[in-house]
Amino acid sequence: MNQPGLPPGGVLERDASAWQGTHHRYPETGVEHAAADLALHAWLGRFTGQVSPAALALAWLDWSSHLLLSPDKGVELATHAASALGRWLHYCAGAAVARLAEPVAPLAQDKRFDDPAWHRWPWNALSQGFLLQQQWWHRATSSVRGMSQHHADVVTFVARQLLDCVAPSNFVATNPVVLATTCERGGMNLAGGALRAARDAWGAWAGPAAPSLLPGRDVAVTPGQVVLRNRLIELLRYDPVTPRVHALPLLVVPAWIMKYYILDLSPHNSLVRYLVEHGYSVYVISWKNPGAEERDLGLEDYRRLGIMAALDAIVRETGAPQVNACGYCLGGTLLAIAAAAMAREHDRRLASLTLLAAQVDFTEPGELSLFIDESEVSFLEAAMWSQGYLDTRQMAGAFQLLRTNDLIWSRRLRHYLLDLPERETDLMSWNADATRMPYRMHSEYLRRLFLNNDLASARYPVDGKPVALTDIAAPIFAVGTRTDHVAPWRSVYKIGLLTDTEVSFLLTSGGHNAGVVAPPGGAGRAYQLASQADGAPYIDPERWQREAPVTEGSWWPAWEAWLAERAGPLIDAPRLPPGLEPAPGRYVLAP
């Protein structure tokens, strides 16, 4: 018997059978493999954090061999080392008796040496010695003639990680803040930190724990109904709270890399609640957290059983001729694929597209590219082959490596050396509520989008035929965030270069998550917004950033004003049939 939303002979049966025929091949390559190769790679990955040792070796060989063949670079580094040593010794001698200007300042995002204690001797000598050494290694691993940029980025990244391990802020004897706290508390901070470290180690061995804030009880509490459930999604319809609503409903497509309620956290910072209170009929996709049995689900299954099934259900339930759609992160990328395929088939049901921190061109994907080359992808496929999915801890580990100071070393300092209480927030709880990625889908995502950049090159196939973003005629509102390390805003900005339609681009303060979850009323927020008509001359991102006006405050009202112009007239809130069960449904609660 078919599940709801699965037609007889539909995408799962047809595509899964095709995939089974290549199940004993490397995904997307068609190259036959030996199970022993993958088993070995999967076993090695347990000790390397799924990082390919071959990829690291190639990067090191590229760097070291070209450095040996670059005598000018060697002279430059030797000169810089001698100069840095002289500056440091001069500073150490002078700083012992007087306050001197520090030779080098940490990067803006480096908060390790912010405490005033680090600016007193001898701690300032320690911190300055570390920062000068960090500066030298950055010179040594970058701008080496003949070295590939990807390998330069990898070697620079690894050198930074190794240096971060030995930063003076990490150790009791070389951190003045920890020493002072230890004296004040008689060492109880270290005892308490040791107990917390033991509990965390046990928790890591036992597996992921339930989030501290539960969906439906503490977060994701906006009232609504589950109106569709199939093998991959639950479609949530939120109850109207205004007597009149816009005629065109809004479909929100979150990323399945994390759970949907990033957009429905607490009532004060819920984007879903904000939209409902402004008269929108909001539908949100809640993705199923896949297991080994979903290993053969691909990107096409996510498009058909996700976006297209949701769109069909919304149009059927509301009778609306068109729907506005909003995609976040990977959900936005999939929405762009779906919109291009619909445009190719003359399906005009999308009135507008909003892409939140979503990329459609992957030539400049930011620091994630460090983990994406043929060697890394093949190594990661082995891990997914052995278990059927990419595990939550493997996903979390990759993101932690990108921000070790914020997510590893500063946490270790606060919890294990200072024994400070946990400052749990709804966003932190959501971040810990991770999901898995099916083997086939994630392999397709990495190869077709990241490695081959098929979508931007009009090579990405849907139903056996390539789709082109230039076919999209619906107006687009794209949001980038200034400090995004997952979807850099200059990469998100390329949507205007790849489409032939009106594009409004908004750049907001914050990062990939905190920049999007930015309700009105918060301090320190600002954004820039400018629209470009179809056919207008191209404006490069640097010029756009210089010329676009800056507005203080949250970007939500600006987007809502844009959306209201495309959401149709206000009508009496319709009485819709009851759903299957109340929101947030079952899938978001599954571990």
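**Close-up views of a predicted model**

**View 1. Helix H6 and its buried residues in the predicted model.** At 1.5 Å a residue, the 17 residues of helix H6 (residues 149-165) should span 24 Å, and the end C-alpha atoms of this helix lie 25 Å apart, which agrees with that expectation. Along H6, the residues that are buried are His151, Ala152, Val154, Val155, Thr156, Phe157, Ala159, Gln161, Leu163 and Asp164.

**View 2. The open sheet of 11 strands.** The strands follow one another in the order E15-E14-E13-E12-E7-E6-E4-E5-E2-E1-E17, and their pairing is mixed. At the edges stand strand E15 (550-552) and strand E17 (581-582), each of which pairs on one side only. Within the sheet, strand E12 (residues 476-481) pairs with strand E13 (residues 503-508) in the parallel sense over six bridges, and Ile476 stands opposite Val503 in E13.

**View 3. Helices H10 and H11 packed on the sheet.** Helix H10 (residues 299-318) packs on the sheet by touching strand E1 (224-229), strand E2 (233-238), strand E4 (250-253), strand E5 (282-287), strand E6 (323-328) and strand E7 (350-356), and the direction of this helix makes about 150° with that of E5. Helix H11 (residues 330-344) also packs on the sheet, where it touches E4, E5, E6 and E7, with a direction that makes about 140° with that of E6.

**View 4. Ala536 in its loop.** Ala536 has its place in the loop between strand E14 (526-532) and helix H19 (541-547). With a relative accessible area of 36%, Ala536 is partly exposed, because this value falls between the 20% under which a residue is buried and the 50% over which a residue is exposed. The C-alpha atoms of Ala536 and Leu40 are separated by 54 Å, and these two residues are 496 residues apart along the chain.

**View 5. Ser70 between two helices.** Ser70 is found in the loop that runs between helix H3 (53-68) and helix H4 (71-95). Its relative accessibility is 12%, and Ser70 therefore counts as buried, the cut-off being under 20%. When residues up to four places away in sequence are not counted, Ser70 touches Val144 and Arg145.

**View 6. The largest cavity and residues of its lining.** The structure holds two cavities of 30 Å³ or more, and about 90 Å³ of space lies in the largest cavity. The lining of the largest cavity comprises 13 residues, among them Met258, Lys259, Trp287, Lys288 and Thr435, which lie nearest its centre.

Methods. Residues are numbered from 1 along each chain as its sequence is written. This is a predicted model: local features need pLDDT of at least 70, side-chain atom pairs count only at pLDDT 80 or more; totals for chains, interfaces and linings use all residues. Side-chain values use heavy atoms; hydrogens and water are left out. Helices (H or I, at least four residues) and strands (E, at least two) are DSSP runs, numbered from the N terminus. The expected span of a helix is 1.5 Å times one less than its number of residues. Buried means under 20% relative accessible area, exposed over 50%, partly exposed in between (1.4 Å probe, protein chains only). Two strands pair if DSSP finds at least two bridges between them. Contact means heavy atoms within 4.5 Å. Axes are lines fitted to C-alpha atoms, for helices over the stretch in contact, and angles run from 0 to 180 degrees between N-to-C directions. On a 1 Å grid over the protein atoms alone, a cavity is a set of points where a 1.4 Å probe fits but cannot get out, and a pocket is an open set with protein on both sides within 12 Å along at least five of seven lines; lining residues have an atom within 4 Å of a point. Grid points are joined across faces, edges and corners, and a volume is the space filled by probe spheres set on the points.
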